[in-house]
Structures are given as C-alpha cells and as structure tokens.
Amino acid sequence: MAGLSRRHMQAVHRLLRERLEKVPRSAVWEQIHRRFEIGEPRDRHLSFDAEQRRLLREQCRSAWGFDPLEGVPQGNRREVASDAIDEKIARERPDDRYVLVKGRLPEPLPQLASDLSVRVPVSGLNPDAIGQVVVIENLDSFDDWHAFRSPAELADALVLYRGHGGLARGTRNLLSVLPEHVSVTVFPDWDPSGLLIALSLPRADSLLVPVLSEALVAKGSPEHFARQHREARHLGNADLGGWQAVWDAMKAARISLKQQHMLAFGSELRRISLGEIGSIPGTRQHWS
C-alpha cells in the first residue's frame, strides 16, 4: 500500500460503488494502476470490466484491511484501526478534538500558574462557564502571554493557542460552539497574515494591536510584509469593519511586526473592536 492515501482509496470506492467502466488516467489512477496492475490503459482512460473490478476489490481488501466497496473507514485513528491496516488514513487527526489553553480555565478545571498551560479536549470545556477568550497566533507568545502589556480587562480570559493542523481545527471547533455573550479577542502578528488569521476565524470580536513606538517600528520587516502579497490582496477586497483602520496603518507602514518584538520592547497592547470606528495606534501620530 506504499504511497497510496485516503484519496486513492476513495477513488477505488467510487469506481466500485458506481460500477464505472472507465476512469481518467489521472495521477491518482496512474498510482493505483502501478500498485495493483489492474485495468486496461486506453488513450486517456483506464478501462475496467466486471471481473477487473472484482479483482481490484479483492486486492485492495487484502492490502488495506477493509472492503473498499463499503467505503473508507471514518473517525479517529483508534476507530479506523479496527478496520484498516494503516490507521493514519483517518480523516480526523489526533489534535482535532483538542485545544491548548491557559489563563482562567472554566470550572470544574483547576486554575494554573500563569506560565503553565494544558492540552484538553474541546468536550472537556464548558462553554457556558467561559467569560471571554483570547486567541494567540504564535506558540512562544502564547507561553509568554503573562508578560505582555495586555489590557486589564483580559486578565480573566481563557487564553487559547491558535495552533496549526489539528490544534487549529480544535480551536475552530471551540470557537464555533461558544455562546454569543462570550467575547473573542485575537492577538496575531501585526501584518497582513495576522490580520487575515483574525478575519478567518469562526468568531472574532476584537483585535489586539501594539501601540507603535519608533523603536518597535524600526524592528519591522519590509521583506516579510512584501511576502504576504496574497493575504494583502484578500484584505483589500474584504469588509474589515472597525479593523479597516488597522489595515490602513499596515499598508502605510509596509512592515511586519512580530509578537516577539512587541514583547521585547514592552509594547502596550490595545484592543480594537470589529465594530469600532476611528483612528488606531498604527500611524505616525501615535508613535512615542
């Protein structure tokens, strides 16, 4: 089964379920054909008669551990392992149901020291016991959250690492089930990518941005800003509401400021509501 993935398995399932007599000679089907050597190449297609489909089904069952006609097993790796030889074909990844959190944990979870965090299943957090949430883009800044000059009103927030891959899906799952009264503040890098992260989350009510100083701005990266041209193009066409002023300031400065620089220079963080209108600490008149 080396080299074959869930996508290949789904292709075989469709062939068998719909009793297809031919399929395009795509990269997926070329790889399947090389692995099992079943099917007759004809121009731009692979042809299968009933007997060839039967043979393909049997060989796939032997190689994969499940009947491809019945479909690819669903669930997490533990659940898929009861049917499949390769449990890693599971669509659900180990972190999909989990989040990494710190700060004010909802009852009945214990309270942690400010420099500690815990990985918990989304189902282990009571949404009704959460008052407000802060989502942080970078892991080291999540770890250092207690050292940032954040607004006092966020002191009792549940702090959530945005994550990548499975943890990012866990974060999105948690944000999707929060009650309307729970306020969600996003703290990303000060650049197009960070702003787009905030805009793309299922819930985001406010944005944390640094009050700019000349020392902080001097550490901004024009190169990193330029690399984020795709994100910039998306933001240019988006309805940013109260965050439009943030984007305007970024475009004027044309630099990327990382969370680590904000911490290193002790930058004060200000909370910008999605519905807020007015100037923001991102233009020259706000520099100290």
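**View 1. Helices α1 and α2 cross with their axes within 10 Å.** In this predicted model, let's start with helix α1, which covers residues 6–18, and look at how it meets α2: the two axes cross at roughly 85 degrees. Angles from 65 to 115 degrees count as roughly perpendicular, and α1 and α2 are therefore roughly perpendicular to each other. On the α1 side, look for R7, H8, A11, V12 and L15; on the α2 side, look for V28, W29, Q31 and I32. Sort the residues of this contact by type and you get 6 nonpolar, 2 polar and 1 charged.

**View 2. Helix α2 also meets helix α3.** Stay with α2 (residues 27–36) and bring in α3 (residues 50–64): their axes come within 11 Å and cross at roughly 85 degrees. That makes α2 roughly perpendicular to α3. From α2, the residues to find are W29, R35 and F36, and they meet L56, Q59, C60, A63 and W64 of α3. What kinds of residues make up this contact of α2 with α3? They divide into 6 nonpolar, 1 polar and 1 charged.

**View 3. Three strands make an open sheet in the order β1-β3-β2.** Notice that the order in the sheet isn't the order of the numbers: β3 sits between β1 and β2. The pairing here is antiparallel. At the edges you'll find β1 (22–24) and β2 (40–42), and each of these pairs on one side only. Neighbouring strands are turned by 30 degrees against each other on average, if you ignore direction. Zoom in on β2 and β3 (residues 45–47), and you'll find 3 bridges joining these antiparallel strands. One of the pairs to pick out is E40 with its bridge partner S47 in β3.

**View 4. Seven strands form another open sheet, this time with mixed pairing.** Reading across, the order is β5-β4-β7-β6-β8-β9-β10. Which strands stand at the edges? They are β5 (118–121) and β10 (269–273); each has a single partner strand, so one side of each is left without a neighbour in the sheet. On average, neighbouring strands in this sheet are turned by 35 degrees against each other, again ignoring direction.

**View 5. Strand β6 runs between β7 and β8 in the seven-strand sheet.** Here's a strand that is mostly covered: β6 (residues 132–136) has 5 of its 5 residues buried. In a regular strand the side chains alternate between the two faces of the sheet. In β6, Q132, V134 and I136 point one way while V133 and V135 point the other way, and all are buried. Now check the neighbours. On one hand, 5 bridges join β6 to β8 (residues 183–187), and these two strands run parallel. On the other, 4 bridges join β6 to β7 (residues 158–161), which also run parallel. V133 is a handy residue to follow: its bridge partner in β8 is V184, and its bridge partner in β7 is L158. Next to that, Q132 has S183 as its bridge partner in β8.

**View 6. G170 sits in helix α6.** The helix itself spans residues 166–177. Is G170 buried or exposed? At 0% relative accessibility, G170 counts as buried. Leaving out residues up to four places away in sequence, G170 touches D95, D96, Y98, V99 and V122. Try finding L100 as well: G170 and L100 are 70 residues apart along the chain, yet their C-alpha atoms are separated by 8.9 Å.

**View 7. The buried residues of helix α7 pack against a mix of strands and helices.** In α7 (residues 192–200), the buried residues are P192, G194, L195, L196, I197 and A198. What do they pack against? The strands are β8 and β9 (206–210), and the helices are α9 (222–227), α10 (229–236) and α11 (244–253).

**View 8. Residues 282–288 have pLDDT under 50.** For the chain as a whole, pLDDT averages 91, and 94% of the residues score at least 70. Over residues 282–288, though, pLDDT stays under 50, and the model has 17 contacts for this stretch beyond four places in sequence. Where pLDDT is low, the predicted coordinates should not be read in detail.

Terms used. Residues numbered from 1 in each chain as written. Predicted model: local features only at pLDDT ≥ 70, side-chain atom pairs only at ≥ 80, totals over all residues. Heavy atoms only, no water. Axes fitted to C-alpha atoms, helices over the stretch in contact; angles between N-to-C directions. Parallel < 35°, antiparallel > 145°, perpendicular 65-115°, else oblique. Contact = heavy atoms within 4.5 Å. Nonpolar A, V, L, I, M, F, W, Y, C, P; charged D, E, K, R; others polar. Pairing = 2+ DSSP bridges. pLDDT = per-residue confidence, 0-100. Buried < 20%, exposed > 50% of the residue type's maximum accessible area, 1.4 Å probe, protein only.
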